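User: Could you take a close look at how one pair of packed helices fits together, and then work outwards from there? A chatty walk-through is fine, as long as the residues get named.

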Amino acid sequence: MSQRRHHTQAVEAGISERSARRIDKNPQLPSQKKRERRWRTRPDPLEQIWPRVEELLKIAGILSVTIFETVQDEFGEAAVPDGVRRTLERRIARWRALNGGEKEIFFPQHHEIGRQGLLDFTVADDLYVTIAGQRFDHRLFHFRLASSGWEDSAVVLGGESFTALSEHLQDALWKLGDAPAELRSDSLSAAYKNLDVDAQRDFTRNYEALCRHYGMTPTRNNKGVAHENGSIEAPNGHLKRRLNQALRRRGSRDFPSIEDYRRFVDQELAKQNRRRARLVDDERRVLKPLPPKRTTDFTLVSADVTRNSTISVDRITYSVPSRLIGYRLHAHLYDDRVEFFLGPDRVMTTDRVRVKHAERGHNIDFRHLIGNLKRKPQALRYLVYRNALFPHAYTRAWQALDAALDARQACRDMVALLDIAANGNCVDALALRIEAALDRGKLPNVAKLKSEFLPTVRSRVDVSIPPPDFAGYNHLLANAQVL
């Protein structure tokens with residue numbers, strides 16, 4: 001400032017006097033100054049169509065791409081070329097920000113310790129798990145404490161049924177050892193969307209009774225508003241992500257059996273729960289104690305055993321031992337199995353079969369029928385559930401026998417193979433031998449397989465019998481005479 005008394009600004013700065021005065025008035029750099037453009041550098045490509053766009057924007061939920069396609073159809077591609085689509089989308093986004101309606105607000109919630117547990121079902125098909133090489137489409141039941149994050153999950157073979165919910169929820173609570181004050185879920189519409197009104201009421205009553213048994217208050221979010229149950233919806237994705245990463249580390253997505261896959265899921269959840277051990281211990285102090293015992297976690301169905309030695313449960317025909325023909329059995333339907341009871345006695349447990357709603361299926365154990373089939377082997381040919389009767393490679397064996405032999409002999413040989421498998425308790429081993437013979441282009445040798453798996457000739461054991469001691473008899477006779 002002292003130099004300016006004797007010299008101009010231009011002399012001191014080495015720039016023009018006009019530039020120096022401008023900088024002196026506003027020291028900001030040109031790049032820091034905000035310029036407001038008060039004129040367009042080119043014609044507005046949306047000027048002609050914008051009034052129509054504003055009319056379309058009054059339609060609730062309409063997408064920008066729909067608006068673009070509509071005005072393009074109405075005004076033609078010459079007036080609305082593809083190149084203005086992004087310009088239109090940006091203009092629509094700005095209009096909605098300035099003139100649009102209110103958007104839904106997500107309110108963050110504080111989770112009180114010990115107050116809320118959450119449950120949900122999530123589809124896990126995208127894990128691409130296989131069981132013994134076969135694709136395994138399934139769901140996961142997921143239970144979680146909102147505060148500490150303790151969680152449990154179970155593999156569900158069917159849909160979002162009350163049976164699966166009751167069984168796996170109780171499993172989770174008994175693993176935890178306590179129960180929260182409130183149980184939160186979504187509307188569970190998938191569990192009863194195909195049921196009538198009375199069935200829906202039964203589902204609701206059963207669910208409320210289950211919660212009442214454990215002292216929990218049942219609550220649900222609004223139907224179709226998944227984010228209201230966000231404390232379990234987001235962890236659903238986290239759970240599947242962890243399982244997916246664990247499967248990648250494992251190097252294979254194939255498991256020998258469903259039980260092996262279930263153990264894998266349990267182990268991964270146990271690792272995650274150990275990381276939250278301190279928070280879980282704090283929450284356990286305020287959770288409710290469990291009741292003395294579990295409540296019902298199955299669906300009860302009663303049916304009579306027919307003269308076919310079968311029983312129909314939930315559109316599935318199950319075979320049972322023939323000694324039960326004429327009796328009424330009580331079937332306990334779980335998510336993955338069916339248990340049959342005659343009064344208080346459990347007589348059989350078998351895997352539960354599921355089919356589409358309009359279809360009927362079969363679960364036939366050939367061991368239940370083989371005794372009668374040996375007496376009536378020709379009944380096999382036109383048996384209604386013949387295909388369901390054959391396990392493993394035995395279907396292929398029947399096709400080969402039926403193609404190569406006459407009808408009567410094919411039935412006799414097939415029944416003989418089933419008899420060997422049943423009485424020799426060698427279903428898998430015999431299947432391997434059958435497969436090997438068929439791969440060589442030969443039929444199974446029934447006589448040879450029977451001698452191998454059902455040997456009838458017992459090994460001899462030489463027994464040495466010493467000659468009688470006559471002196472002993474003379475001694476007995478002499479004593480008898482004295483007496």
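Analyst: Let's start with the pair α16 and α17, where α16 passes α17 in a right-handed crossing. Keep in mind that this is a predicted model. The two helices pack at an angle of about 150 degrees, and their axes are 12 Å apart. From α16, the residues that make the contact are Ala429, Leu430 and Arg433, and they meet Leu449, Glu452 and Phe453 of α17. Sort the contact residues by character and you get four nonpolar and two charged, with no polar ones.

Leu430 is a handy way out of this interface. Besides touching α17, Leu430 is among the residues with the most contacts inside the largest nonpolar core, along with Leu389, Phe390, Tyr394, Met414 and Leu418. That core has 33 residues. Both helices of our pair feed into it: α16 (427–439) and α17 (446–453) each supply at least two residues, and so do α12 (370–375), α14 (394–404) and α15 (407–423). The top contributor is α15, which gives nine residues. As background, nonpolar side chains tend to be buried together in soluble globular proteins.

Leu389 is worth a stop while we're in here. Beyond its neighbours within four places in sequence, Leu389 contacts Ile364, Phe366, Leu369, Leu373, Leu380, Leu383 and Leu418. Apart from this core lies another one, of 25 residues, with Leu119, Leu176, Leu183 and Tyr214 among them.

Ile364 also gives us a lead to follow, since it turns up in the contacts of Thr317. Thr317 sits in strand β13 (residues 316–319), and it counts as buried because its relative accessibility is 13%. Leaving aside neighbours within four places, Thr317 touches Thr310, Ile311 and Ser312 as well as Arg360, Gly361, His362, Asn363 and Ile364. The loop between β12 (310–313) and β13 holds Asp314, which has a positive phi near 55 degrees despite being a residue other than glycine. With 39% relative accessibility, Asp314 counts as partly exposed.

There's a second non-glycine of that sort elsewhere: Tyr128, with a positive phi of about 55 degrees. Tyr128 belongs to the loop between β1 and β2, and its 52% relative accessibility puts it in the exposed class. Leu127 lies in the loop between β1 (116–123) and β2 (130–131) too, but Leu127 is buried, at a relative accessible area of 2%. Skipping neighbours within four places in sequence, the contacts of Leu127 are with Lys240, Leu243, Asn244, Leu247, Arg253 and Tyr261. Its C-alpha is 9.6 Å from that of His138, eleven residues away along the chain.

Now for another helix pair to set beside the one we began with. Helix α4 (residues 64–75) and helix α5 (residues 85–99) pack at an angle of about 125 degrees, with axes 10 Å apart. So α4 counts as oblique to α5. Here too the crossing is right-handed. On the α4 side the contact uses Ser64, Val65, Ile67 and Phe68, while α5 brings Arg85, Leu88, Glu89, Ile92 and Arg96. By character, the contact of α4 with α5 comes to five nonpolar residues, one polar and three charged.

Ile92 is a good residue to zoom in on in this second interface. It's part of α5, and it counts as buried, with a relative accessibility of 0%. Apart from neighbours within four places in sequence, Ile92 contacts Ser64 and Ile67, plus Trp50, Val53 and Leu57. Its C-alpha is 8.7 Å from that of Glu54, although the two are 38 residues apart along the chain.

Zooming right out, the chain has 18 helices and 17 strands. Of its 483 residues, 38% are buried. Among contacts with a separation of 6 or more, 63% join residues 24 or more positions apart.

Conventions. Residues numbered from 1 in each chain as written. Predicted model: local features only at pLDDT ≥ 70, side-chain atom pairs only at ≥ 80, totals over all residues. Heavy atoms only, no water. Axes fitted to C-alpha atoms, helices over the stretch in contact; angles between N-to-C directions. Helix = DSSP H or I, 4+ residues; strand = E, 2+ residues; numbered from the N terminus. Parallel < 35°, antiparallel > 145°, perpendicular 65-115°, else oblique. Left-handed = near helix turned anticlockwise from the far one by under 90°. Contact = heavy atoms within 4.5 Å. Nonpolar A, V, L, I, M, F, W, Y, C, P; charged D, E, K, R; others polar. Buried < 20%, exposed > 50% of the residue type's maximum accessible area, 1.4 Å probe, protein only. Core = buried A, V, L, I, M, F, W, Y, C linked by side-chain atoms within 4.5 Å.
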